[in-house]
Amino acid sequence: MGLRNGPEEFGLVTRLIHWAMMLLIFGQLALGLRLDSMEPGLATLWLYGLHKTIGFAALALILIRIAWHIVSPPPPPLGPRNALFWVARAAHWAIYALLIAIPLTGWAGSSATGLDVMIADRWTVPPLVEASEEGEAFWFGLHDILTKVLMALLALHILGALKRQAEGDGTLTRMLKGRVKKISPKIFRPAPALALSPRLG
C-alpha cells in the first residue's frame, strides 16, 4: 500500500491524518467539556493552555490534510449519487469548515482577553482581534455554538459510516485498510452429467 491516494484507495498518509485528527478532535472535545464545568484558576491554568495547544495542532492538521488532498486527490466516495449521498458530502465539507473556524474563533476569543496566546507555553502567536470584553464574549460564544454544531455533525458522520459498513458498503474498511477487497463473482459451472452404462444387467 503506497503513501499516496489512488483512484480506488486511500494512501497511508491520508489514513494516518484521518485517524490522528479523530484522536485530537475527540480529546479536544472532552477537554473542552471539562473546562466548561470548571472555574478558571491557577491550578487549572495549564489545562487552558493545553486546550489552546491542541486547537492549534488540529488547525494545522486540517490544513495539512487539505493541502495533501490537493497534491494527492482522494478516491471518489462509494455509493450511488442519490440525495442521501449529497447530504453526506455537504456534512463532510461542513466538518472541514468547522475544523478551521472553531480554532480561529477560539484564537480570536483568547486574543480578545488581552492575554498572550501561546502554543505549548513556549511560542506566542499574534492576536487576531483587539482586546475587549465585547469581543471576548462574541468570539467565545461563537466558538461554543460552532463546537456544538461540530459535535452533532460528527455524531451523524460516525453513525452514517457504521450504517454503511453494516450494509457492506466498504467505506470504513477503505479508510482502515486503504481499499475495499473486491470479491470475484462465483461462476456457475453445472456438474457433469452422470454417464449411463449401455449395458443392461
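Biologist: As I understand it, pLDDT is the predictor's confidence in each residue, from 0 to 100. What is the mean pLDDT of the protein chain here?

Modeller: The mean is 87, and 89% of the residues reach 70 or more. This is a predicted model, in which local features need pLDDT of at least 70 and side-chain atom pairs count only at pLDDT 80 or more, while totals for chains, interfaces and linings use all residues. Residues are numbered from 1 along each chain as its sequence is written, and side-chain values use heavy atoms, with hydrogens and water left out.

Biologist: Which elements have the lowest and the highest mean pLDDT?

Modeller: Helix H5, residues 171-177, has the lowest mean at 86, whereas helix H2, residues 45-71, has the highest at 95. Elements here are DSSP runs numbered from the N terminus, with helices (H or I) of at least four residues and strands (E) of at least two.

Biologist: And where does pLDDT stay under 50?

Modeller: That happens over residues 183-191 and again over residues 193-201. For residues 183-191 the model has zero contacts (heavy atoms within 4.5 Å) beyond four places in sequence, and zero is also the count for residues 193-201.

Biologist: OK, changing topic: which residues of the largest nonpolar core touch the most other members?

Modeller: They are Met21, Leu99 and Leu150, in a core of 16 residues. A nonpolar core is a set of buried Ala, Val, Leu, Ile, Met, Phe, Trp, Tyr and Cys residues joined through side-chain atoms within 4.5 Å, where buried means under 20% relative accessible area, exposed means over 50%, and partly exposed lies in between, using a 1.4 Å probe and protein chains only.

Biologist: Which helices supply it?

Modeller: Helix H1 (12-36), H2, helix H3 (83-112) and H4 each supply at least two residues of this core, and H3 gives the most, with five. Apart from this core lies another one of five residues, among them Leu31, Leu35, Leu47 and Ile54.

Biologist: What does methionine 21 touch?

Modeller: Leaving aside residues up to four places away in sequence, methionine 21 touches Leu61, Ile62, Arg65 and Leu99.

Biologist: How many salt bridges does the count come to?

Modeller: The count comes to three, taking a salt bridge as a side-chain nitrogen of Lys or Arg within 4 Å of a carboxyl oxygen of Asp or Glu. Lysine 148 pairs with aspartate 144, with the closest N and O atoms 2.9 Å apart, and the two are separated by about one helical turn because they sit four residues apart in helix H4 (residues 133-166). Lysine 163 pairs with glutamate 167 at 2.6 Å, and arginine 164 meets aspartate 169 at 3.2 Å, N to O.

Biologist: Is glutamate 167 buried or exposed?

Modeller: Glutamate 167 is exposed, at 57% relative accessibility, while its partner lysine 163 is partly exposed at 46%. In the pair further along, arginine 164 is partly exposed at 24%, as is aspartate 169 at 22%.

Biologist: Last thing, what is the phi of alanine 120?

Modeller: Alanine 120 has a positive phi of about 55 degrees although it is not a glycine, and aspartate 121 also has a positive value, near 55 degrees. Most residues other than glycine have a negative phi. Alanine 120 is found in the loop between strand E1 (117-119) and strand E2 (123-125), and aspartate 121 lies in the loop between E1 and E2 as well. Alanine 120 is partly exposed, with a relative accessible area of 38%, whereas aspartate 121 counts as exposed at 60%.
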